[in-house]
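Visitor: Could you pick one strand in this model and walk me through its surroundings? I'd like a close look at that single part, pairing partners and all.

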Amino acid sequence: MAAGRSSGRPAKKKGPSKGTGGQVRRGLEGRGATPPAEMRHWYKDKARAERITREDRGGARRPGAAKPKRSEDAPEYIGGRNPVLEALLAGVPANALYVAQRLENDDRVRDAVRVATERGIALLEVSRDKLDRLTEGAVHQGVALQIPAYDYAHPSELVELAHDAAEVPLIVALDGVTDPRNLGAIARSATAFGAHGLLIPSRRSAGVTGGAWKTSAGTLANLRVARAANLTAALREYREAGLFVIGLDGEGRVDIGDVELLGEPLVVVVGSEGKGLSRLVREHCDVVTRIPMRAAAESLNAGVAAGVTLYEVARHRRR
């Protein structure tokens, strides 16, 4: 056979050499389970980009996010460029203005910083992650305003305020009003029509939160809010002090314009929009009144109903 010429037979396969079996088995084992997304190197950057996009579009809190229980003496936070600027212009008390690092400024941010500086409010530059935690995941658009926990008055202080002003007492009590925006709206009406304060129960009721401050347009800074551990007990004490209690409820039998007690020392109790007055509160009312309206409208928002009633009281007292 000449050198370099093939014999025409297929080449014999070379078998595994000694000591290579373990390497083959390890190669077949693979790299294990795929790691979850939060363990991958790109996860934090992607999550941050998605959050910023959601904020720019005005998105809401991520669904399913649990809201931690807030301590009563913890500060509140108002987030969002428009709400923060409006709160500052309205004179809402504040401790600090938080601004995100490398924030793209616009007129609202610049005005908020200017007003905060003029009012002597601390300016703090923080990360967006910290703003997320402060606002509990709500949309903040890179700015948040810290407002101190509200210092509630004792129910008797509201009567003392009226006596100090040599005026006939007018107090607004809330029964089952759980939306802070309704509390803020009622505060605006109470201030406009000369009420001496609001009374709220300490449980199952809206409090003076950031949402209430925003809706009140700053009027809560000029109106005292008292809190009672037991609303019916506080109403009983008011009656013992010479005040009459009028309950506002859609099922009342007397129209508000026909109530004869409007010129007397008065407590106006506003019930919730859905359930109205609770049974115990109703039993402590001297009169349960209603606002006459057409049948097409079953009820009014608690804030609107309070405004109509307080206007009627103020009109009667001007006579």
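Guide: Let's start at Ile171, which stands opposite Val267 in strand 10. Keep in mind that this is a predicted model. The strand 10 in question covers residues 266-271, runs parallel to strand 5, and is joined to strand 5 by six bridges.

Ile171 also has a bridge partner in strand 6, namely Gly197. Strand 6 is residues 197-201, and its pairing with strand 5 is parallel too, over three bridges. To get from strand 5 to strand 6, the chain passes through helix 7 (residues 180-192), and the resulting β-α-β crossover is right-handed.

Now for the two faces. As a rule, side chains in a regular strand alternate between the two faces of the sheet. In strand 5, one side carries Leu170, Val172 and Leu174, while Ile171, Ala173 and Asp175 sit on the other, and both sets are buried. Buried here means under 20% relative accessible area. Six of the six residues of strand 5, 170-175, meet that description, so the strand is largely enclosed by the rest of the structure.

If you want something to set beside that, look at the open sheet of four strands, ordered 1-4-2-3 with mixed pairing. Its edge strands are strand 1 (76-79) and strand 3 (122-126), each of which pairs on one side only. Strand 1 pairs with strand 4 (residues 143-147) in the antiparallel sense, over four bridges, and Tyr77 is found opposite Gln146 of strand 4.

Note on methods: Residues are numbered from 1 along each chain as its sequence is written. This is a predicted model: local features need pLDDT of at least 70, side-chain atom pairs count only at pLDDT 80 or more; totals for chains, interfaces and linings use all residues. Side-chain values use heavy atoms; hydrogens and water are left out. Buried means under 20% relative accessible area, exposed over 50%, partly exposed in between (1.4 Å probe, protein chains only). Helices (H or I, at least four residues) and strands (E, at least two) are DSSP runs, numbered from the N terminus. Two strands pair if DSSP finds at least two bridges between them. A crossover is right-handed if, with the strands pointing away from the viewer, the path from the first strand over the helix to the second runs clockwise.
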